[in-house]
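Hello,

Here is the structure I promised to pass on to you. Have a look at it first, and then read my notes below.

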Amino acid sequence: MIDPSGPASLRREESGPGEPEVSWLRPSPLLLRARRIELVGVAVPVALIGGLAGQVVSAAAGIAIAAAVVVAALLAERLLARRVASWGYAERHDDLLVRRGVLIRRLSVIPYGRMQFIDVTAGPIERSLGLATLRMHTAAAASDARIPGLESGAAATLRDQLAALGEAQAAGL
Amino acid sequence: MTGPVAAGPPAGGPLPDRAAPPLARDASWHRLHPLSPLVRAGRQMMSLLVVLIGIAVLNQHQDGNLVADLVVIVAALVGGFVSWLVTRWQIADGVLRIDTGLLRRDSRRFPLSQVQAVDVVQTGLARLLGLAELQLRIAGGDSARGGRLACLKLADAEQLRKQLLALAAVPAGGVPAPATVPDPDGQAASAPAARTAVRTMFRVRAIRLPVAILLTRSGAIGLVVAIAIWLTAQFDGSAGVIAPFLPVALGVAARLWRQFNGEYGTTVALAQDGIRLRSGLVQTTAETIRPGRIQAVRLVEPLIWRALHWCRLEVDVAGARQRNEDRAEGQRLRALIPVGSRAEADLLIAELLGSPPLPSQPPPVRVRWKAPLSYHFLSWNGDDQYVVAARGRGGRPSPAIPLAKAHTIRWGDGPHPRRLSLATVHLDVAGKRVGVKVEDRDSAEALQILRVLPDLARAARSRAR
C-alpha cells in the first residue's frame, strides 16, 4: 500500500513523480547514441536542403539557414540527453510504472492484468545498436505505454515476464 | 475450425424450421432469411435502383442502355444471393460461429462470454419486411468485423437475443442453465405488463427531443445556415444563389436527422439480462447491455440546455456499434437519456451505478490563471468505486467511470501547469471514446490520487470478479 503522504518525493522535483520506495530502471545508455544518430540523420539533410534553397536568394542567406539548422540541432542535442535520461520504468507488485518527458512529464500506471498484448519492435538504427522498444497495449486506446532503448535480450525477457504476469492477473473487460 | 467449411453451401445444413425459432442448444447450422440480401444492400440498393430507373425512363428509346442497367441490377442481386447462400451460423459450446464467403471462406467465432451488448437493429426496409439484424458487441472488435446476423425474422432475432444473453451469462465451460423461460415477451415495448421483471426507467418526451436537438450546437449551426439561405433568397430573387449552400445545408440536415431518427422514442428499461434500450423512428434499435458491462456514464449539459435544466446521459460500452454509416457516428456515445431533466438522470444513474460521488471538489483557485473560462466547472470526486470529473468545455461533460473498468492511470503536467504547481490525472477505459480527466489539481493532490487509485482500482476489480 502506498503511503498517502508524499513530501519525500515532492522534494525531489527534478526526478518527477514517483514513489520513494520504487527503484526506477532505465533504458540502455546506448539509447542516447541512437537518438543522436536520428537527430544527425534529420538535421544534416535539412541543413543541406535549406542551405541550397537559400542560395537561390543569396549565398549569405543559404549559409545563414544552414547555420540556423545546425544551431537548432545542437540545442536539441542538449535537450536530448535530458529526455533520454527521463525515461524510466519500475515493476511493482501489481502494475508497471513508466515515466518520461522533460517539458511535459508523464507517468503511466499499467496494471499487469490489463495488458492485452506486448510488442517488441526495433527500427534500423535501434537494431544496429542492439536495442529494441517494448510497447504495452491495453484495451484503452489512450494508454500509449512504451519503453524505448532496451537491450534486445532484456526486452524479450521483460516481454515474457510481463506476459506471464498479465496472464496470471488477467481481468475481464 | 472443425466443421465442414471447405465446401460452399453445407450439404446437410438444414434450414431452420420457420415454425419453431432456432434453438441455441441443437448446434445445427442455420441460414439467414432469404430476403436479407435485399435488406443488406438496403440504402445503396435503393439509391441505385432510383438512379437506374430514372435513367431508364429518360432513355426509353435506347434499348442498349436499358439492358446494361438491368445487367448491373441483376449482377448485384445475384451477388447478394450468393453471399446469402454461403452464409450460415451456428451456436455451439457458448460460441457463435458465422461462416461466410464463396471464394475466400471466412469462419468467425464469437465467444459469448465476451459479449458486451446485443443489438437488434431494424432499418426502415427491414421493418417493412418484418426482418431484423442482430449485432453482437465484442470488446476490441472493430466495427466492420463484429458479429452480425443480417437479417433474421424479428421474432427469431428477439428469441435469439434472449438465448445469446442467457448463454453469455453462463461462465465459460459451465453448463447452460435452462435460462430461457418460455415467456411470451416477444416485444418488450408493446407488452410491458407481460413481465414484471422489465422495469421501464425512462421514456423520452416526443416533443422535447426535436426542440432539444435544435438547441444544441449542430442545431444552432443548422439554424444559422437556414437563415442564411433564406436571407440570400430574399435579397436575390433567383434560386441559383442557394446552390453554394446546398452541401453544407444537406450535411447539417442529415446530421440532425440522424440524431433525431436514432434517438426518437428512447426507452430505457431494466431487465434480468441487462439494460434494455429502444429507440428509433425509421431505423429502430433495441439494445441490451449486459449487467456490469458499462464502461462509463457521461452527463452532458449543453450551454442552452442549462437554462432549461435539461441534460443528456450517455453510456459507453466496449466495442463499437456496428452501423453502415460513417466512423464518426460509431464514435458517438449511446444516449440513455437524449434529453431529460436532472432528476430523471439522477434516478437512472442511481439505478445503474448505485451512488457515484458528485464532482464536488473544486480545483485550487490559482487554476484561474491557466483556465479562466472553465475554472468554474472543473471539479472531481472519487470513492472506492467510482471516479467522476467535470470539465468546462461546451457541454460541461462529466463522465463517471467505475474503477473496476479503469485500464491505465496516467499522470501528466507541462511547463505552465508546473509553474503553478498543478498536474492532471487521466483514467482510461477500453476504447477511445471516453475517459476521465482529473484536470489541474494541486501537485500534491494529483500525486496522492496517483498513489491511491491503482490500489483502489485493483480492489474494485477483484470485488467485481
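Before we get to the chains, one term: two residues are in contact if their C-beta atoms, placed from the backbone, lie within 7 Å. Please also keep in mind that this is a predicted model.

Let's start where the two chains meet. Chain A brings 27 residues to the contact, and chain B brings 31 residues. On the side of chain B that touches chain A, the elements giving two or more residues are strand E17 (409–412), strand E18 (422–428) and helix H12 (443–464). H12(B) supplies the largest share of that side, with 11 residues. As for the character of the residues on this side of chain B, 12 are nonpolar, 10 are polar and nine are charged.

You can also follow a strand pairing from one chain to the other. Strand E3 (residues 106–111) of chain A pairs with E17(B) in the antiparallel sense, over four bridges. To find one spot in it, go to A:Leu107, whose bridge partner in E17(B) is B:Trp411.

Now for a single residue, B:Leu152, which you will find in strand E6 (residues 148–153) of chain B. Is B:Leu152 buried or exposed? B:Leu152 counts as buried because it has 27 C-beta neighbours inside 10 Å, and 20 or more are needed for that. Setting aside neighbours within four places in sequence, the residues in contact with B:Leu152 include B:Leu32, B:His33, B:Ala157 and B:Leu160. Another of its contacts is B:Leu131: the two are 21 residues apart in sequence, while their C-alpha atoms are 5.5 Å apart in space.

Enjoy exploring!

Best wishes

Conventions:
Residues are numbered from 1 along each chain as its sequence is written. Chains are lettered from A and ligands numbered from 1 in the order in which they are written. This is a predicted model: local features need pLDDT of at least 70, side-chain atom pairs count only at pLDDT 80 or more; totals for chains, interfaces and linings use all residues. A residue is buried if 20 or more other C-beta atoms lie within 10 Å of its own, exposed if 12 or fewer, and partly exposed in between; C-beta atoms are placed from the backbone. Ala, Val, Leu, Ile, Met, Phe, Trp, Tyr, Cys and Pro count as nonpolar, Asp, Glu, Lys and Arg as charged, and the others, Gly among them, as polar. Two strands pair if DSSP finds at least two bridges between them.
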